[in-house]
Amino acid sequence: MQNFLCVLCFVCLTVYMTTVLGADENFIFGSSALQALDLVDQRSVTCVSSPSGRKAFQVAGGSGRLYTCFLSCHYCPCPAFAYTVLRRNGGLLCKHLLAVYLCQAMAVTQQDSVSDQQMSALLSGTSAR
Ligand SMILES: [Zn+2]
């Protein structure tokens with residue numbers, strides 16, 4: 001049943017990403033999508049929120065590195081994002097952002113709350129989290 005749900009969400013998300021975000025199908029059905037599904041399976045996505053209502057998503061990459069992604073401005077600090085989105089300007093998603101979208105769609109995002117101070121450290125990239 002869980003797999004069935006997963007496939008359903010994935011189809012919806014694919015339509016959403018191709019139509020709304022402009023990602024291309026080759027990307028969505030390529031290896032990044034599989035890697036993103038792995039991240040979802042491993043529950044690697046954590047939504048961090050602060051009392052003032054700010055939100056960020058932390059994704060644990062394969063190497064154990066934590067990437068802090070922002071859905072609001074569609075940003076991930078990983079090299080793949082810099083290459084595919086910023087340099088090629090292709091409107092693509094890296095596996096981390098894709099994993100965040102998938103986790104949100106499937107409601108399997110882990111929740112964590114931090115203080116406003118910790119959140120500003122996170123946003124400014126000075127946090128060791
Ligand atoms: Zn990324």
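Two strands are said to pair if DSSP finds at least two bridges between them. Helices (H or I, at least four residues) and strands (E, at least two) are DSSP runs, numbered from the N terminus. This tour concerns a predicted model, in which local features need pLDDT of at least 70 and side-chain atom pairs count only at pLDDT 80 or more, while totals for chains, interfaces and linings use all residues. Residues are numbered from 1 along each chain as its sequence is written.

**The whole chain**

Begin with the whole protein in a cartoon view. Six helices and four strands are present. Read from the N terminus, the elements follow the order α-α-α-β-β-β-α-α-β-α.

**The sheet**

Select the four strands next. They form an open sheet in the order β3-β2-β1-β4, with mixed pairing. Which strands stand at the edges? They are β3 (66–69) and β4 (110–113); each has a single partner strand, so one side of each is left without a neighbour in the sheet. On average, neighbouring strands of this sheet are turned by 30 degrees against each other, direction ignored; the axes behind this angle are lines fitted to C-alpha atoms, for helices over the stretch in contact, and angles run from 0 to 180 degrees between N-to-C directions. In general, strands of a sheet pair through backbone hydrogen bonds, either parallel or antiparallel.

**Walking across the strands**

Select β1 (residues 45–49) together with β2: the two pair in the antiparallel sense over five bridges. Along this pair, valine 48 has alanine 56 of β2 as its bridge partner, and serine 49 has lysine 55. Five residues lie between the strands of this hairpin, and among them glycine 53 takes a positive phi near 100 degrees.

Move on to β2 (residues 55–60) and β3, which are antiparallel and joined by four bridges. Here phenylalanine 57 is opposite cysteine 69 of β3, and valine 59 is opposite tyrosine 67. This hairpin also has five residues between its strands, with glycine 64 in the turn showing a positive phi of about 90 degrees.

Now return to β1 and add β4. What is the sense of their pairing? β1 and β4 are parallel, with four bridges. Serine 49 appears again here, since its bridge partner in β4 is serine 113.

**Helix α5**

Select residues 95–106, which make up helix α5. At 1.5 Å a residue, its 12 residues should span 16 Å, and the end C-alpha atoms are 16 Å apart, which agrees; the expected span is 1.5 Å times one less than the number of residues.

Colour the helix by burial. A residue is buried if 20 or more other C-beta atoms lie within 10 Å of its own, exposed if 12 or fewer, and partly exposed in between, with C-beta atoms placed from the backbone. How many of the 12 residues of α5 are buried? Nine are, and the helix is mostly covered. Among them are Lys95, His96, Tyr101 and Cys103. For the protein, buried residues make up 26% of the 129 residues. Just after α5 comes alanine 107, whose phi is positive, near 55 degrees.

**The core**

Show the side chains of the largest nonpolar core, which has 25 residues. Such a core is a set of buried Ala, Val, Leu, Ile, Met, Phe, Trp, Tyr and Cys residues joined through C-beta atoms within 7 Å. Those with the most contacts inside this core are Val59, Leu97, Leu98, Ala99, Val100 and Leu102. At least two residues each come from α3 (31–41), β1, β2, β3, α5 and α6 (116–123). α5 gives the most, with seven residues.

**Three residues to centre on**

Two residues are in contact if their C-beta atoms, placed from the backbone, lie within 7 Å.

Centre on valine 59 in strand β2. Valine 59 counts as buried because it has 24 C-beta neighbours inside 10 Å. Leaving aside neighbours within four places in sequence, its contacts include Leu39, Tyr67, Ala99 and Val100.

Proceed to alanine 99, in helix α5. Alanine 99 is buried, with 31 other C-beta atoms within 10 Å. Alanine 36 is 63 residues away from alanine 99 in sequence, yet their C-alpha atoms are 4.7 Å apart.

Finish at valine 100. Not counting neighbours within four places in sequence, valine 100 is in contact with Val45, Phe57, Val59, Cys69 and Leu71.
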